[in-house]
Amino acid sequence: MAEQAVETWDAVVVGAGPAGLRAAEELGAAGVKVLIVDAKPSVARKFLMAGKSGLNLTKDESLEALVRHYGSTADWLSPMLADCDAVAVQDWAKDLGTTLFIGSTGRIFPVEMKASPLLRAWLARLDGYGVERRTRWRWQGWAGDALLFQTPNGPQQIKAQVTILAMGGASWARLGSDGAWAEALSGQAVELAPFKPANAGISLSWSDHMATHLGTPLKGIALRAGDVVTRGEAVISGHGLEGGGIYMVCAAVRDGADLFLDLLPDLSVEQVSKRLQRPRGKASLSTHLRKTLKLTPADVGILQEFCRPLPADPGALAVRLKSIPIRHDGLRPMDEAISTAGGVCVTALDAGLMLRNLPGVFCAGEMLDWEAPTGGYLLTACLATGRWAGRSAVDYLAGDYFIDAATA
């Protein structure tokens with residue numbers, strides 16, 4: 001039986017999400033012969049799913065403010081975010097024909113809200129550069145110096161001068177981010193951090209009286225976990241609490257901090273206590289809370305769920321209203337999380353996002369060990385690291401790639 005021919009390409013990008021497509025765009029614009037491969041039947045599935053509820057591209061804020069949302073990896077990501085900050089992301093989207101608007105909280109969206117028009121324009125640009133795409137090609141690692149893929153036509157091998165790995169984290173496996181690539185990289189002695197859920201809901205086993213509140217949002221609240229205090233919204237779901245406010249404190253809760261909810265963040269304990277001292281008459285406590293403090297039935301439900309029996313003293317009750325201890329069962333399962341922490345460690349990469357153990361192999365996007373809250377920060381960093389890896393790969397192919405001996 002004749003030996004199967006091995007294809008050769010200048011560059012292969014594994015993973016057709018935002019980071020991979022952005023890397024391919026940089027390579028294609030430089031005239032590089034690029035092949036994009038993806039394990040799913042179509043590209044950018046998680047990107048499209050995110051756009052169903054409104055594609056939040058980035059956040060309208062300064063680079064200094066933007067960088068702070070990346071926690072312990074802020075310094076490492078800073079050069080990449082400076083090269084692809086909120087202004088650069090907006091300019092890129094506008095150049096693809098997308099009209100944007102800024103929401104009331106500074107989040108930036110396409111006017112259409114959906115991801116599909118932007119994706120179509122993006123893929124058309126890549127087509128114009130001659131970038132080719134193949135789907136249902138699942139990366140299996142390496143066979144010697146060739147990339148190995150499982151395809152509808154059986155195993156296939158490709159040799160590439162540069163490879164960019166952008167296969168996402170380990171959440172939403174049905175959309176392609178299953179973390180299966182970790183085994184192949186660990187086999188090459190690439191340092192990996194364990195995957196952990198990020199931007200995940202809180203698991204709770206509600207009592208029966210909460211059934212009428214399922215699906216109801218808690219608005220105008222504040223949440224506190226450790227040193228993290230945030231204003232946001234939380235939705236009471238059948239499994240616990242979800243929503244942007246919860247996602248902001250998710251990492252602290254995951255790392256062991258207790259979670260507290262403030263139903264009245266615009267009022268002090270003293271102000272709440274004073275209002276509670278108003279004559280109650282024959283009204284029930286729930287009615288009194290709604291009339292004096294404008295609490296919703298869901299607010300009162302949460303208070304009753306975690307603080308019964310409620311203290312009769314207005315001062316003591318005010319303290320409870322301002323700091324409700326949320327007793328929970330931990331985070332929701334990782335596959336339900338919007339994103340994950342963990343993946344390729346910073347120490348496994350050089351300054352250009354090339355793997356130290358594998359010259360010519362770069363990584364980008366959520367498969368890198370960083371995390372950020374929702375609100376445009378996830379997508380901004382995916383685009384920034386994709387652009388950075390793509391440009392580094394162009395330099396590598398041109399023989400202009402410099403590795404700082406201090407970081408090698």
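In this predicted model, helix α1, made of residues 18-29, packs against helix α13, made of residues 377-398. The two axes are 7 Å apart and form an angle of about 35 degrees. The crossing of α1 and α13 is right-handed.

Which residues of α1 and α13 meet? On the α1 side they are P18, A19, R22, A23, E26 and L27. On the α13 side they are L379, C382, L383, G386, R387, G390, R391, A393, V394 and L397. Sorted by type, the residues of this contact comprise 10 nonpolar, 2 polar and 4 charged.

The next region is known from a record. An unreviewed UniProt entry annotates residues 196-339 as "domain: RsdA/BaiN/AoA(So)-like insert". In the model, 33% of this span is helix and 24% is strand. The C-alpha atoms at the two ends of residues 196-339 lie 9 Å apart.

One residue to look at next is I236, found in strand β13, which covers residues 228-237. Is I236 buried or exposed? I236 counts as buried because its relative accessibility is 0%, and the cut-off for buried is under 20%. What is I236 in contact with, leaving aside neighbours within four places in sequence? The contacts are W206, M210, H213, L214, G215, T216, L218, L241, A298 and I302.

A pair of positions shows how separation along the chain and separation in space can both be stated. I236 and K322 are 86 residues apart in sequence. From C-alpha to C-alpha, I236 and K322 are 19 Å apart in space.

Note on methods. Residues are numbered from 1 along each chain as its sequence is written. This is a predicted model: local features need pLDDT of at least 70, side-chain atom pairs count only at pLDDT 80 or more; totals for chains, interfaces and linings use all residues. Side-chain values use heavy atoms; hydrogens and water are left out. Helices (H or I, at least four residues) and strands (E, at least two) are DSSP runs, numbered from the N terminus. Buried means under 20% relative accessible area, exposed over 50%, partly exposed in between (1.4 Å probe, protein chains only). Contact means heavy atoms within 4.5 Å. Axes are lines fitted to C-alpha atoms, for helices over the stretch in contact, and angles run from 0 to 180 degrees between N-to-C directions. A crossing is left-handed if the near helix is turned anticlockwise from the far one by less than a right angle, and right-handed if clockwise. Ala, Val, Leu, Ile, Met, Phe, Trp, Tyr, Cys and Pro count as nonpolar, Asp, Glu, Lys and Arg as charged, and the others, Gly among them, as polar. UniProt positions are given in the numbering used here, feature names are shortened, and annotations may be inferred rather than shown by experiment.
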